[in-house]
Amino acid sequence: PYGIPYKTVYYAFGQSLHSYNPRNIYFQIPFKGNIPKKDSGILLYNGFNLAGIIERENLMVSNVVKCHPPGNRGSKPYEIKNCQSFLIVELTTINPLVLVPIGKDAWNFVITNFDFSLTELYKNSYVQLFFSNSEKLKETKFIIKLTHPSYIQRRGNKLKDKIDFIKGLIKANEIIVKEFEKMKDKSEKFYVINIKDFKVPFYEV
């Protein structure tokens with residue numbers, strides 16, 4: 001996983017998310033793939049960057065399946081089942097403020113393994129924000145459900161779709177920041193969740 005577990009505020013997970021960066025293996029970049037303009041991870045990176053949640057000490061990235069499927073294919077049900085115990089341990093140990101399941105495999109994992117009571121706060125074509133409550137993940141108060149950006153690629157990689165995806169992430173985080181201000185005095189666990197001064201590169205999509 002990418003990130004620092006004991007400071008995690010945002011916990012994002014999906015299929016085969018990684019932080020491989022061929023330019024510099026010591027400066028890991030979450031979601032950054034290998035093929036400029038064609039890798040769906042670049043859209044994720046830009047969306048998280050512009051929403052203000054890419055800071056490494058705020059964000060942890062993990063996967064439903066712990067090994068990359070051959071040929072970048074979808075994960076098989078038995079592969080997800082074999083790995084789910086690792087992800088459950090990660091989540092219950094970290095107890096993030098914001099859970100970000102990316103794609104259907106991650107979302108199915110959430111609703112299958114946790115007893116969340118959900119209230120919708122925001123929705124667009126690609127992003128859905130919930131206020132959440134769970135006995136198993138008591139500190140997790142928000143879930144950002146994301147359509148996997150590979151779907152946008154399959155639709156033709158249209159600029160409007162990419163803008164809607166990024167705008168949705170920005171809007172969801174704005175709502176979380178406002179709601180967090182109302183509850184931050186109730187817990188000592190959480191850190192700054194919107195870092196306006198943090199500068200990172202923006203990759204062409």
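A residue is counted as buried when its relative accessible area is under 20%. In the predicted model examined here, F116 has a relative accessible area of 16% and is therefore buried. F114, at a relative accessible area of 7%, falls under the cut-off as well and is likewise buried.

These two phenylalanines take part in ring pairing. Five aromatic pairs were found in a search of the whole structure. One of them joins F109 to F114 in an edge-to-face arrangement, with the ring centres 6.0 Å apart and an angle of 65° between the planes. Another is formed by F114 and F116, whose rings are tilted, with 50° between the planes and 6.0 Å from centre to centre. Through such ring pairs, F109, F114 and F116 are linked into a cluster. Burial extends to F109, which is buried, as is F114.

The nonpolar interior was examined next. The largest nonpolar core comprises 30 residues, and F48, V98, V100, L129, I144, L146 and F165 are those with the most contacts inside it. Two or more residues of this core come from each of the strands β1 (10-14), β2 (59-63), β3 (98-101), β5 (127-133) and β6 (142-146), and from each of the helices α1 (40-51) and α5 (159-183). The greatest contribution to this core is that of α5, which supplies eight residues. Apart from this core lies another, of 20 residues, which includes V65, A106, W107 and I143.

The surroundings of L146 illustrate the packing in the 30-residue core. When residues up to four places away in sequence are not counted, L146 touches L44, F48, V100, P101, I102, G103, Y126, V127, F165 and L169. Among these contacts, F48, V100 and F165 are themselves listed with L146 as residues having the most contacts inside the core.

Helix α2 spans residues 77-94 and thus contains 18 residues. The distance from its first C-alpha to its last is 25 Å, close to the 26 Å expected at 1.5 Å a residue. The helix nevertheless bends by about 40° at C83. C83 is also one of the buried residues of α2, together with E79, I80, L87, E90, L91 and I94. An α-helix has 3.6 residues a turn, so residues three or four places apart point the same way. The buried residues of α2 pack against the strands β1, β2 and β3 and against helix α3 (104-113). Following α2 is N95, which has a positive phi, near 50°.

Definitions and conventions:
Residues numbered from 1 in each chain as written. Predicted model: local features only at pLDDT ≥ 70, side-chain atom pairs only at ≥ 80, totals over all residues. Heavy atoms only, no water. Phe/Tyr/Trp six-rings, centres within 6.5 Å; stacked < 30°, edge-to-face > 60°. Buried < 20%, exposed > 50% of the residue type's maximum accessible area, 1.4 Å probe, protein only. Core = buried A, V, L, I, M, F, W, Y, C linked by side-chain atoms within 4.5 Å. Helix = DSSP H or I, 4+ residues; strand = E, 2+ residues; numbered from the N terminus. Contact = heavy atoms within 4.5 Å. Expected span 1.5 Å × (residues − 1). Bend = angle between axes of the 7 residues up to and from the residue.
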